[in-house]
Structure formats: C-alpha cells, structure tokens
Amino acid sequence: MFKRFFSFSVSKSHMSSPRHLVNISSLTNEEFKALVTKAEALKRVVKTGNVASIKENHDKLLGKVVALLFSKRSTRTRISTEGAAAHFGAQPMFLGKDDIQLGVNESMYDTTKVISSMTSCIFARVNKHQDIVDLCKDSSVPIINSLCDMYHPLQAIADLLSIKESFGKTEGLKLAWIGDANNVINDLAIAALKMGISVSVSIPPSVSFEKVIVDDAEKLVQESNGEVSFEVVNSPAAALKDANVVVTDTWISMGEESQKEAKLKQFEGYQITQEMVKNAGVASNWKFMHCLPRHPEEVADDVFYSDNSIVFEEAENRLYAAMAVIEAFVVNKGDLLK
C-alpha cells in the first residue's frame, strides 16, 4: 500500500498537468480563432500536397500513439481523428466499448491511468459530460472531447472553418439554428459569437436551452460592445430572418430511438425547407449546414442537396479540425497561440 502511494506521489510531483479540450468556452477568443486559422493552414498543406511540410509534420509525433476512446459509434469523428493522427506520424488506436475492460470489470480511473501512460493523447467520444471531467482529472496526457452529451468542440472548429471559407469572413454574419437544444449548438453558439457572428436559436417552447450556455453567450455579447447578438426564440421564421448561415442537427440522438414518435410531434413545423427559408427572408447568400448524419424530417432534400448546402465540405473539415487540435494540444503542449 505504501509503495503504491509513494509511486503516485512522485509521478504527480514531476509532471505538469496537460491542457485538455473540454469545450469552446474554455478557450479565449484569440485561442479559438487561432485553432480555426491553424485548421485552415493545415488544410492548405494537405490540399496543395506540400511535401516538405507534410514530412515535417509527420515527424512531430512519430512513434507515438493516439487513443480513440469511443463509447458511441461514429463515422466522421473516427475517420478524421485517425487521419489527423496519421498526418503527424502517430499510430491511431481505436478503443471501442467492446474492445476494452472499461465498464466491465475496470473503473474509469484505472482505465484512464493505463491508457494515458502509453499514449500521447486521448480523443474521447462518450455519453456523459462527467466522463470527460473524470478523464481530464486523472489523465497524464491531453483529453480531447470528441463529443459528450453537453459539448462537441471539434464540430464547432470545423463549422467555423466552413463558414469562413464560404463567406471569406465571419464578422458581421448571422447564424440561425433551427431544431433541438443539444451539444452541437452549445459549442457552436459560443464559437460563432467568439468570431463575430450573431446567433439566433429557434427551439420549441417545450425545449429548454442550457443556462450556462446562455450566460456565456450573453457575456460574449456584452464584451463585443454591440458587435454581436444572441437570442433564443420559438419561431423558426424569426430566427431565419436575414440569416447567412442556417443550421440544424438530429432531433433524435443515439439512445433516444424509443422517443421518435414524441420527438417528431414536438418538432412539428421545424423541418427546414426552401419554402421556409425563403418565406422567412434569409440573406441572399445563405448557406446550410448539418453535422450529419441527417434525417429527412430535419431538413428536406431541396435544401440538403441544394447549391446552398455545404454539408459535405463541413464534414471534410472535421479532418483539419482534428489536425489543428493535435498540433495545438499535443505537439505544442497546449500553447494554442504558438
């Protein structure tokens, strides 16, 4: 017993705590902008086939392992994270819920200590936000929140990169969210405000928006001296008025399939269609975004597959978001402005 305590004490005293990516609110405005700029620069390296830069990046984590601790299945998060790890020369290791002992006969604490001792970082896609909190508390390497029930920061980075690419700027735009109050809009709202985009959220009267997100959003509005605004309304038309960016997400998350009938009734009138956006008076240059996977009840084909849609560009940008995060939190050891 004494040996275990002594070993733990020594290891903690000689190690500085790593910086983790928990949500967008935990970043300064400058740090978040720097992540988007870094993602943009890394995308340019990949797209132009800059061999010298690719080789230089490949050596930065050569011989290291990037762990993907996933309690929930994924397409974009898994592909983008494994691709990002490979770009920096690391070996991605997927650890699904059926691959390891976590939750069977091993605790979160023990699992975190073991995995972090052998890897350079852990991308964690989990159910509860408390799991992210526990991982951060006990890990010796950066924890990258790759989705929990409260936040989805990697998606927010990709989304702001997509908006910046589509409009050539972010300042002065308006984003309208039509649908449920969930982890995606929790981070997206804060990310948009940090980059000068006003946000209007439309949710049904029966849905409540997280108070902590509203408080953070209102603080950013105050700090902007009137440059941005934030509101939560019940009318999709009110939110869509003059919007440049129109966004929605699934109404029925994984694990909520039994609630489908009730959810469809709750969100009746919230399906995004060309008729809805035109009648509401969106901006002439409007773009549609969705983090995927998409269901027809959320958005009609005439929007999802239209020239206004940038959903597949948005999905691709998840790769560059993951690359930016690895460089900032792992290679640069949490110095996001480096």
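Contact, throughout this tour, means heavy atoms within 4.5 Å. The model is predicted: local features need pLDDT of at least 70 and side-chain atom pairs count only at pLDDT 80 or more, while totals for chains, interfaces and linings use all residues. Residues are numbered from 1 along each chain as its sequence is written, and side-chain values use heavy atoms, with hydrogens and water left out.

**First stop: His 152**

Select His 152, in the loop between E4 and helix H7 (153-167). Helices (H or I, at least four residues) and strands (E, at least two) are DSSP runs, numbered from the N terminus. Is His 152 buried or exposed? His 152 is buried, with a relative accessible area of 4%; buried means under 20% relative accessible area, exposed over 50% and partly exposed in between, with a 1.4 Å probe and protein chains only. Display its surroundings next: not counting residues up to four places away in sequence, His 152 touches Thr 77, Arg 125, Ser 146, Leu 147, Asn 183, Val 184, Asp 187 and Arg 318.

**Second stop: strand E3**

From the contact Arg 125, move to strand E3 (residues 121-125), where 5 of the 5 residues are buried. Colour its two sides separately: Cys 121, Phe 123 and Arg 125 lie on one, Ile 122 and Ala 124 on the other, and both faces are covered. In a regular strand the side chains alternate between the two faces of the sheet.

Now add the strands beside E3. Two strands pair if DSSP finds at least two bridges between them. Strand E1 (residues 65-70) pairs with E3 in the parallel sense over 5 bridges, and Leu 68 has Phe 123 of E3 as its bridge partner. E3 is also joined to strand E4 (residues 143-145) by 3 bridges, again in parallel, with Ile 144 of E4 as the bridge partner of Phe 123. To follow the chain from E3 to E4, trace it through helix H6 (residues 129-138); this β-α-β crossover is right-handed, that is, with the strands pointing away from the viewer, the path from the first strand over the helix to the second runs clockwise.

**Third stop: the cysteines**

Select Cys 121, in E3, and then Cys 136. How many disulfides does the structure hold? The structure holds 0 disulfides, a disulfide being a pair of cysteine sulfur atoms within 2.5 Å. For Cys 121, the closest cysteine sulfur is that of Cys 136, at 12 Å, which is too far for a bond. For Cys 136 the closest is in Cys 148, at 9.8 Å, also too far. Cys 121 is buried at 0% relative accessibility, and Cys 136 is buried at 14%.

**Fourth stop: helix H4**

Thr 77, one of the contacts of His 152, leads to helix H4 (residues 76-87), whose 12 residues should span 16 Å at 1.5 Å a residue. The expected span is 1.5 Å times one less than the number of residues. The end C-alpha atoms of H4 are 16 Å apart, which agrees.

Highlight Thr 77, Ser 80, Thr 81, Ala 84, Ala 85 and His 87, which are buried in H4. Seen down the helix axis, the buried residues of H4 fall within an arc of 155°, so they line one face of the helix; the arc is that of the directions from the helix axis to the C-beta atoms. What covers these buried residues includes helix H2 (29-48), helix H3 (51-58), E1, strand E2 (91-96), E3 and helix H14 (311-331). Just after H4, inspect Gly 89, which takes a positive phi of about 85°.

**Fifth stop: Leu 42 and helix H14**

Go to Leu 42 in helix H2, buried at 4% relative accessibility. Leaving aside neighbours within four places in sequence, Leu 42 is in contact with Asn 57, His 87, Phe 88, Tyr 320, Met 323, Ala 324 and Glu 327. Draw the C-alpha to C-alpha distance from Leu 42 to Tyr 320: it is 6.4 Å, with their positions 278 residues apart in sequence.

Helix H14 has 16 of its 21 residues buried, so it is largely enclosed by the rest of the structure. The end C-alpha atoms of H14 are 29 Å apart, in agreement with the 30 Å expected. Just after H14, Lys 333 takes a positive phi of about 55°.

**Last stop: strand E8**

Finally, select strand E8 (residues 245-248): Val 245 and Val 247 point one way, Val 246 and Thr 248 the other, and all are buried. Strand E5 (residues 174-178) pairs with E8 in the parallel sense over 3 bridges, and Leu 175 has Val 245 as its bridge partner. Strand E9 (residues 287-290) runs parallel to E8 and is joined to E8 by 4 bridges; His 290 of E9 is the bridge partner of Thr 248.
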